[in-house]
Structures are given as C-alpha cells and as structure tokens.
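Reader: I've got a model open and I'd like to learn how to read it feature by feature. Can you walk me through it?

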Amino acid sequence: MLTLLPTPIGNIGDITFRALEILNNCDLILCEDTRVTKQLLNILKDRYDFNYPNADIISFHEHNGKERLEQIGYRLKEQNVVYMSDAGMPAISDPGQLLVEFCQKEYIEYDVIPGASVAPLIYAASGFESGKFYFYGFLPKKGKDRENELNTIISSGLDTIIYEAPHRILKLLEQICNIDEDRELFVAKELTKKHQRYFRGLAKDILTQLKSISTKGEWALVIKGVESEFKTLDLNEIKSLDIPPKAKAKLISKLSGKSIKECYEELLKI
C-alpha cells in the first residue's frame, strides 16, 4: 500500500509517533528531494528512538513523477511505500496527487496520516473570524498571470492563504498595496522555527515593517476577504435582463468562455 506521510514544516518535534512507526516498516520511500529526506531521517535517528529505515529512497517530483510511476508503480501493489514531501502535508503544492490518482485507478490501498501543514496553522494564528478560507498556494512567479490572479484573490471576498518565496515577499506586498493598501493581512515568517514572527495589520504598514528586517526564510500570508459592494450576476440573471440579445451574448461570452456567436445563437433559441 501507499502512505502519504507529513513531515515537519520547521520544528523537528512536530513529527508524529505514527509517522516514525510507518517509516520503520516501509520498503520504499518516495520523496521530492532525496538529500532533504536523508537529512531529516538522520536527525530523527539522532534525536529519537528511531531506527534508520532499511528502505530504498527514490526521488519523485514534478519533473519525473509520471516516468517514475512507470518504473516503480508495481511496487505500490507489492510493498509498503511511503511518500514524503520536503515539508508539510504531501499532495499539497507537490506531486503526491499523482500517486493518489494512480492508487485510485489501480485499486491500490492508500492512506494519508495527519500532521504538520502550513495552511490550517497560519489561518488559526491569523485571528480572522470568518472561519472560511481559500488555499491558493504559490502565485505565478511573474507577469500578467500573477497580476490577474492577485486581483481575483483580492476581489473574491474570501480569506485567502498564499505561500511566497523570501526574494519575492516584498514585491508581493507592493503588488497588494497597488490594489488595496488598506487591506488587512496576516503575514508569518518561519512558521514553527526558532525565528518565527507574526505580522497583522494593513498591507501598507506591514510592507513598511518588512522593509526594515531580513526577509530570509519561509513566508506565508492570509489576505483578509472583503465583501464587494457590487452584486455579481450569474448566467441566468444575465439572460433575464431587459437588454438586446447581442449585449447579453457579449456578457455571457465573458463569463462562459464561449464565442459571442455561439452565445447569441443560444439566446435566439430561448
């Protein structure tokens, strides 16, 4: 069977007893980076009553996942296989989903054990009261796609969790300020680690704070959702508007992705 095994996101003490037991009894470890995983296993061996697993350790990442499945897929049917991300919950912002999908298609037993994950941790720490959030992960690195995604997030009305690299965190805050400098944020640096820090406040104020400190380390933030003052219309509401069909077709085309001609022809049939 396959077991997706969470790893600490910073503090090594966040490994679970159940995770150690599973590692002690596995035949194959798949991981994003074999160097990171071997370093973690060595630390666990030195710090806890843990025997270094007598298992093969093979890389499985976004660039080789499909090829790896062709090579080792049969082992998931015959052996105890573990998948570990570099940090946190597997299959979140990493290629573990490929393994889950493979097991589902091939009727192979699999399990996901609970453990450290940045998203629920940072939301709990934020103090935001809605209790509902959207997990986005990493934005596109640059260009129009990044701007468009950020605009969509800020106008969505939902508390949204984003991960960001240290060399882009200031740029991200500047981009948020360009859209809404008074938007409330919760920003966390180095979660669970020795130099963990929290920042809550307006985007413009947090940007000023971060410009005076080192941005080295792992970053995550929550953008607080704000309900829009403007009502959005769904497709059925647009169809019921008392406006010319061509105008309706243009609006429906924008929302549905269909051509204006196709939308217009559908409206004429109603």
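Author: We'll start with the whole chain, then take helix pairs, then single residues. Keep in mind that this is a predicted model.

Reader: Sure. How many helices and strands does the secondary structure come to?

Author: The protein has 11 helices and 10 strands. Its radius of gyration is 23 Å, well over the 18 Å that the globule rule gives for 270 residues, so the protein is more spread out than a compact globule.

Reader: What does the C-alpha trace span along its principal axes?

Author: About 75 × 50 × 30 Å. As for burial, 43% of the 270 residues count as buried.

Reader: And what share of the contacts between residues at least 6 apart in sequence join residues at least 24 apart?

Author: That share is 69%.

Reader: OK, on to helix packing. What describes two packed helices?

Author: The angle between their axes and the distance between the axes. Try helix α7 (residues 169–180) with helix α8 (residues 203–210): the axes come within 9 Å and cross at roughly 155 degrees.

Reader: Which orientation does that make for α7 and α8?

Author: Angles over 145 degrees count as roughly antiparallel, and α7 and α8 are therefore roughly antiparallel to each other. The crossing of α7 past α8 is left-handed. On the α7 side the contact is made by Ile169, Leu170, Leu173, Glu174, Ile176, Cys177 and Asp180, and on the α8 side by Ala203, Lys204, Ile206, Leu207 and Leu210.

Reader: How does that contact of α7 with α8 divide by class?

Author: There are 9 nonpolar and 3 charged residues, with no polar ones.

Reader: Is there another pair I can practise on?

Author: Take helix α10 (residues 245–256) and helix α11 (residues 260–269). They pack at an angle of about 125 degrees, and their axes are 8 Å apart.

Reader: Which word fits α10 and α11, then?

Author: Oblique: angles from 65 to 115 degrees count as roughly perpendicular and those over 145 as roughly antiparallel, and α10 and α11 are therefore oblique to each other. Here α10 passes α11 in a right-handed crossing. From α10, the contact uses Pro245, Lys246, Lys248, Ala249, Lys250, Ile252, Ser253 and Ser256, while α11 brings Ile260, Cys263, Tyr264 and Leu267. By class, that contact of α10 with α11 has 7 nonpolar, 2 polar and 3 charged residues.

Reader: What about a single helix? Which residues of helix α4 (residues 96–106) are buried?

Author: Gly96, Leu98, Leu99, Val100, Phe102 and Cys103. The buried residues of α4 pack against β1 (2–5), β2 (28–31), α3, β4 (81–84) and β5 (110–112). Right after α4 comes Tyr107, with a positive phi near 55 degrees.

Reader: Where does Pro95 lie?

Author: Pro95 sits in the loop between β4 and α4. To judge burial, use the cut-off of under 20% relative accessible area; Pro95 has 12% and is buried. Leaving aside neighbours within four places in sequence, Pro95 is in contact with Glu32, Phe60, His61, Glu62 and Tyr83.

Reader: Is Arg75 buried or exposed?

Author: Arg75 is buried, with a relative accessible area of 12%. This residue lies in helix α3 (residues 65–78). Not counting neighbours within four places in sequence, Arg75 is in contact with Asp27, Leu28, Asp56, Ile58 and Val81.

Reader: And Glu190: buried or exposed?

Author: Glu190 is buried too, at 14% relative accessible area. You'll find Glu190 in the loop between β8 (184–189) and β9 (197–202). Beyond residues up to four places away in sequence, Glu190 touches His195, Gln196, Gly217 and Glu218.

Reader: Last topic: sequence separation against distance in space. How far apart are Ser126 and Lys224?

Author: Ser126 and Lys224 are 98 residues apart in sequence and 9.4 Å apart in space, C-alpha to C-alpha. Now try Pro95 and Ala203: these residues are 108 residues apart along the chain, and their C-alpha atoms are separated by 32 Å.

Reader: Where is Ser126 found, and what does Ser126 contact?

Author: Ser126 is found in helix α5 (residues 118–126) and counts as buried at 3% relative accessibility. Setting aside neighbours within four places in sequence, Ser126 is in contact with Phe186, Arg200 and Val222.

Terms used
Residues are numbered from 1 along each chain as its sequence is written. This is a predicted model: local features need pLDDT of at least 70, side-chain atom pairs count only at pLDDT 80 or more; totals for chains, interfaces and linings use all residues. Side-chain values use heavy atoms; hydrogens and water are left out. Axes are lines fitted to C-alpha atoms, for helices over the stretch in contact, and angles run from 0 to 180 degrees between N-to-C directions. Helices (H or I, at least four residues) and strands (E, at least two) are DSSP runs, numbered from the N terminus. Angles under 35 degrees count as roughly parallel, over 145 as roughly antiparallel, 65 to 115 as roughly perpendicular and the rest as oblique. A crossing is left-handed if the near helix is turned anticlockwise from the far one by less than a right angle, and right-handed if clockwise. Contact means heavy atoms within 4.5 Å. Ala, Val, Leu, Ile, Met, Phe, Trp, Tyr, Cys and Pro count as nonpolar, Asp, Glu, Lys and Arg as charged, and the others, Gly among them, as polar. The radius of gyration is taken over C-alpha atoms; the globule rule is 2.2 Å times the number of residues to the power 0.38. Buried means under 20% relative accessible area, exposed over 50%, partly exposed in between (1.4 Å probe, protein chains only).
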